[in-house]
Number of protein chains: 2
Amino acid sequence: MEKVPVLDVLTEAFKRLPGVGPKTAQRYAFHLLQHDRPAAELLGRTLLEAVVKVGHCTRCNTLAENALCKLCSDSSRDATLLCIVESPADQAGLETTLAFKGYYFVLLGRLAPLDGIGPNDIAFEKLLARAVDGLVTEVILATSFTQEGEATAHYLSQFLKSRGIKTTRLARGVPMGSELEYVDASTIAQALRDRR
Amino acid sequence: MEKVPVLDVLTEAFKRLPGVGPKTAQRYAFHLLQHDRPAAELLGRTLLEAVVKVGHCTRCNTLAENALCKLCSDSSRDATLLCIVESPADQAGLETTLAFKGYYFVLLGRLAPLDGIGPNDIAFEKLLARAVDGLVTEVILATSFTQEGEATAHYLSQFLKSRGIKTTRLARGVPMGSELEYVDASTIAQALRDRR
């Protein structure tokens, strides 16, 4: 049996990144080996290190090196606010706004009944324990504005309301900087209904 | 001094891939750690292995694990034809066509006088030795159809002709499947001049 060349294995490995097809994967592999071997070493070493070191925050579920992530360890934040997001990437996006000073809870998924993903497949029990800690007075539902994200938000809001916890949802409306002409009709309709 | 979190190092490392900005880099890092840790390990291990194992073919300069690359080791190819390309990626592109059965020579660059890259900065001596081996009767110049690629092809063609070696250039013309309406004027003009 002939050994698969390491360059081909490398291209296959790059193809497992999201949105990367064979052409881009080959481009990444050739670029690193031809022009930037220090970057290849850095990326290789860091990937292996990250797989070993990075786990999930015991409190909010986000990716973290320690038992508590940096945000959860920060006692200066507002413990009455809990923002629920789908993924660490969504959490990072919210953090860049500097507009939220409470804590987060990362679902690591969303309800998708069609794919057989129910409440038991996302970190639901853990969320419940987190939301009824006695400090949280408002849960902000920041799941995606997709069908599945909306369904997740709806389900969580019903569930938390029945336990006496106030929930809010990120406002829907016209994105900043948009020309109305190019905004889709359902967004404009929602912005009209929620006008202030 | 606070230690930089491994997730941030990983994002920085991904940013060194061509065309990858901070958003995509973060997406790659989160995806691997959240959804595909086996791929993270595979990619990490393969990168470190490739940096050690992959060098350049002693004959044609392409990226290869052994002293001779697979193509140069294949004695069934046509030794009278030598195709000159800029990079291993260009070589791979030509190979997918199955239209060329000769050997390759990879310049690993192109002349770029404005950036101070002259004949001594590309594998020029090695190319000369390769082209005058007594077997090669035609050198096909397959450098890019950019200004720098054209200049490189022109320079090489002058140089090889003065040593009695026949050179040819890939045909310029309208790409397959194009609507003429959308093809740029200089390509159409070239296709008119070279009509057959």
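How are H2(B) and H3(B) oriented to each other? In this predicted model, the two helices pack at an angle of about 120°, with their axes 5 Å apart. Angles of 65 to 115 degrees count as roughly perpendicular and those over 145 as roughly antiparallel, with the rest above 35 degrees taken as oblique, and H2(B) and H3(B) are therefore oblique to each other. Where they meet, Leu32(B), Leu33(B) and His35(B) of H2(B) touch Arg37(B), Ala39(B), Ala40(B) and Leu43(B) of H3(B), a set of residues that divides into 5 nonpolar, 1 polar and 1 charged.

Both helices also take part in the interface between the chains, where 47 residues from chain B and 47 residues from chain A are in contact. The area buried between chain B and chain A is about 4600 Å², with carbon and sulfur atoms giving 73% of it. The rule finds 9 residue pairs in polar contact across this interface, both residues being at pLDDT 80 or more. On the side of chain B that touches chain A, the elements giving two or more residues are helices H1 (6-14), H2 (22-35), H3 (37-53) and H5 (88-96) of chain B, and H3(B) gives the most, with 16 residues. The residues of that side divide into 29 nonpolar, 8 polar and 10 charged.

The count of salt bridges between the two chains is 2, and one of them joins Arg16(A) to Asp36(B), with the closest N and O atoms 3.1 Å apart.

The two groups of chain B residues described above are set out here by class.

| Group | Nonpolar | Polar | Charged |
|---|---|---|---|
| Contact of H2(B) with H3(B) | 5 residues | 1 residue | 1 residue |
| Side of chain B that touches chain A | 29 residues | 8 residues | 10 residues |

Terms used:
Residues numbered from 1 in each chain as written. Chains lettered and ligands numbered in written order. Predicted model: local features only at pLDDT ≥ 70, side-chain atom pairs only at ≥ 80, totals over all residues. Heavy atoms only, no water. Contact = heavy atoms within 4.5 Å. Buried area = accessible area lost by both parts, 1.4 Å probe. Salt bridge = Lys/Arg side-chain N within 4 Å of Asp/Glu carboxyl O. Polar contact = N/O pair within 3.5 Å; in protein donor to acceptor, adjacent residues only side chain to side chain. Helix = DSSP H or I, 4+ residues; strand = E, 2+ residues; numbered from the N terminus. Nonpolar A, V, L, I, M, F, W, Y, C, P; charged D, E, K, R; others polar. Axes fitted to C-alpha atoms, helices over the stretch in contact; angles between N-to-C directions.
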